[in-house]
Every structure is written in C-alpha cells, then in structure tokens.
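Q: Hi! I'm new to this one and would like a quick tour. Could you pull it up so we can look together?

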Amino acid sequence: MATDYYGVLGLARGASDNEIKKAYRRLARDLHPDVNPDPGAKERFQEVSRAYQALTDPEKRRIVDLGGDPFDNGAGAGAGGFGGAGFGGLGDIMDAFFGGGATTRGPRSRVRAGGDALIRLDLDLDETVFGTTKDITVDTAVLCDSCTGAGTAPGTHPTTCVTCSGRGEVQSVQRSFLGQVVATRPCPTCAGTGQVIPEPCPKCGGDGRVRARRTIPVKVPAGVEDGMRIRLTGHGEVGPGGGPAGDLYVEIAERPHDVFTRDGEDLHCRVTLPMTAAALGTTLTLDTLDGQEEVDIRPGTQSGSVLTLRAKGAPRLRATGRGNLMVHVEVETPTRLDAEQEKLLRELASLRGEDRPAAAGAEGHGGLFSRLFK
C-alpha cells in the first residue's frame with residue numbers, strides 16, 4: 001500500500017507548496033537527531049524528510065496524487081540520514097528553511113548560438129608586410145529574412161506541445177524488480193523545446209536560418225605572418241532559431257617570394273658579388289619592398305658576410321617600428337679565365353705572396369696540427 005505522504009506531514013491532499021514547506025519546517029525542527037535524542041525521532045525525521053521530497057518534486061507528487069509511491073518501498077530514495085547521500089541532509093534542510101526547493105530541467109530554447117567558421121586567405125609578401133584590405137566570399141548560415149528566425153510561416157506562431165504540455169520532456173513510470181522506475185527523456189514531438197511549429201516557414205523549413213553566399217571586406221593589419229588568424233566577430237554561422245552568430249576566422253597564408261624570405265619581423269635575401277667587387281668594394285642597387293636602396297660593399301667583404309639594412313623589414317604587429325632586411329653576401333670565384341685574366345691574377349698573387357699559399361695548420365700559422373706536434 002502506498003504511503004500517505006500528506007498524512008505524514010499532517011496535511012490534506014491538495015495542500016499548497018507553502019503549506020508543505022511550513023509543515024516540514026515545524027516537524028524537522030522538533031525531530032532532527034541533533035536536537036531530539038529520542039531513539040524514535042530519527043526514524044520519524046527520515047519519514048518526514050521523504051514525504052517532503054515526494055511532495056516538493058512535481059513528478060513525484062504527481063505519482064502520489066495518482067495513488068502510487070514514487071519511492072516504492074525505498075527504490076530510488078537515499079538513506080536520508082543527516083549529512084548522508086539521500087534526502088534529509090543539511091543541504092535539503094537549508095533549502096526548506098531558506099527558500100530552496102526541487103528544480104526541473106524544463107524545456108530548452110529553440111534559439112541556440114551559431115558555430116564559428118574558418119576561411120583561408122592567400123596573400124603576397126608585400127600585402128602581409130604593409131597590410132591590405134581584401135574582399136572574401138563566404139558561404140554560411142544567415143538569418144532567414146522571411147521569418148527573421150522565428151521559423152514560422154507569416155501570420156502564424158508556435159504552439160504549446162500537446163505531448164509534453166510545454167515541459168519539453170516526457171516521463172514514464174515502469175515497474176521492475178527494483179520497484180517503480182521513473183524515466184525522463186526529451187519529448188519526441190517538440191525535441192525538448194516545449195513548442196511545435198504547425199506551419200513552418202516555407203523558406204527555411206522552420207530552422208530560422210538559410211545558407212547564403214556573402215562578400216565581406218577584411219582589413220589585414222600590417223605585419224601579419226603566415227598562419228595568423230584574423231577574427232571577425234559575429235560573421236560566422238547564425239544559430240538555429242535565429243540565434244546569435246558565431247565568429248569568422250580568416251587564416252593568413254603567405255605566398256613564397258622570389259627574392260625575400262621572412263623570419264618574424266626580419267626579411268632576408270642573398271646577393272652574389274664577383275671576387276673583384278668583393279675585394280675592391282662597390283655599391284649595389286638593391287630592389288627592396290620599399291623601393292631601390294643603395295648598398296655599400298666595403299673592400300675585402302668576405303663570402304658569408306651579412307649586411308643589415310635597418311627598418312627595411314616588416315612592421316612589428318603589436319609594437320612600434322620595423323624589423324631589418326638582412327643581405328647575405330656570397331662571393332663568386334671565377335671558373336673560366338682567358339690567358340690575359342690568368343696572367344693578371346698570377347701577377348697579383350705573386351705581388352701578395354700568395355702564389356704558393358701555406359695550408360691552414362702549417363708551421364707558423366697556428367693551426368690544429370702545429371699545436372698537436374709541438
């Protein structure tokens with residue numbers, strides 16, 4: 001036989017939530033084990049706590065009003081002791097005394113936030129260095145202009161779901177060897193929203209959004225690098241039900257340059273000098289991203305030397321100033337000489353005492369082998 005939970009609290013059927021809470025407060029104050037040492041008080045307190053739980057939970061109370069027992073001789077209920085896992089602990093008493101109570105999940109909103117979108121933008125080196133503005137074309141979900149996100153046909157409105165009565169979920173009570181089991185699941189008719197659309201919008205089919213192709217201008221700041229992303233807030237996918245749009249991320253892909261390579265804010269390039277120009281010095285006209293620059297090559301410049309052109313690199317993205325242009329020098333040794341050229345080089349070598357140069361490490365040159373054999 002089902003327990004009369006109303007009678008346990010000394011109430012009549014149909015008592016209001018306020019009456020149930022007042023009755024529990026009064027009985028819990030008298031029966032709690034911390035204030036009542038009577039051995040029977042603890043059992044009575046657990047019985048009162050279980051009655052309060054049954055009558056403050058809407059679904060459990062519905063089962064009680066139908067003549068059932070939501071706990072079915074204890075199935076689905078906790079131990080109920082003070083501070084234990086079941087009802088009757090300190091948290092439940094505080095809820096009863098200070099305004100808490102049972103909560104339900106309720107229907108979920110049809111309106112949900114949209115997702116983010118990602119698109120790649122290919123740029124040349126000068127565009128990433130100096131910045132640019134590009135128009136990009138994206139294909140994303142946008143707000144339906146026919147229903148403005150409502151999902152309903154013109155002149156119609158959503159209606160309360162008759163299956164779940166607007167709760168967004170349905171429950172079923174089944175008997176098993178454990179007792180009565182209450183199962184809750186989203187309503188299959190309204191998908192948990194508590195509402196149905198009897199006449200969906202013919203353009204979006206009730207989703208509140210449609211796919212469309214748009215052209216968006218993107219301002220690329222000076223100094224961006226390959227792989228960086230630019231965030232365009234609110235330009236992503238519009239959410240179901242016309243929910244707020246996500247963000248659009250534009251990922252920068254920097255095309256390789258024929259002359260320059262990039263390392264952060266610095267640019268690098270290579271120039272090849274004839275042997276005579278490196279020895280005597282010269283002036284080069286170098287094409288940079290800023291235009292032509294005159295570069296002085298000092299006499300005696302060696303292969304592998306690096307010349308630095310200040311502030312001719314990329315701008316610093318989050319600071320002031322620019323990086324540098326690093327010019328790597330390679331000295332070219334001639335491989336073919338005519339008779340006159342060879343004669344002149346031999347005369348030069350003789351004048352410099354280089355016609356029979358000593359190998360590195362020979363005696364008097366301080367090399368590795370000279371040190372080992374001393």
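Q: Thanks! Which residues lie nearest the centre of the largest pocket?
A: Those are Met-275, Ala-279, Leu-348, Arg-352 and Glu-354, out of 16 residues that line the largest pocket. Keep in mind that this is a predicted model.

Q: Got it. What is the volume of that largest pocket?
A: The volume of the largest pocket is about 460 Å³.

Q: And which helices each supply at least two residues of its lining?
A: Helix 7, spanning 275-280, and helix 8, spanning 339-351, each do that. The largest share of the lining is from helix 7, with 5 residues.

Q: How many of the lining residues are nonpolar, polar and charged?
A: The lining of the largest pocket splits into 8 nonpolar, 5 polar and 3 charged residues.

Q: Okay, switching to strands. What is the order of the strands in the open sheet?
A: That open sheet has 4 strands in the order 10-11-15-14, and their pairing is mixed.

Q: Which ones are the edge strands?
A: Strand 10 (261-263) and strand 14 (306-309) are the edge strands, each pairing on one side only.

Q: By how many degrees are neighbouring strands turned against each other?
A: On average, neighbouring strands of this sheet are turned by 30 degrees against each other, ignoring direction.

Q: Back to strand 14: in what sense does it pair with strand 15?
A: Strand 14 and strand 15, which covers residues 325-332, pair in the antiparallel sense, over 4 bridges.

Q: And which residue in strand 15 does Thr-308 stand opposite?
A: Thr-308 stands opposite Met-326 in strand 15.

Terms used: Residues numbered from 1 in each chain as written. Predicted model: local features only at pLDDT ≥ 70, side-chain atom pairs only at ≥ 80, totals over all residues. Heavy atoms only, no water. 1 Å grid on protein atoms, 1.4 Å probe; cavity = no way out; pocket = protein on both sides within 12 Å on 5 of 7 lines; lining within 4 Å. Points joined across faces, edges and corners; volume = space filled by probe spheres on them. Nonpolar A, V, L, I, M, F, W, Y, C, P; charged D, E, K, R; others polar. Pairing = 2+ DSSP bridges. Axes fitted to C-alpha atoms, helices over the stretch in contact; angles between N-to-C directions.
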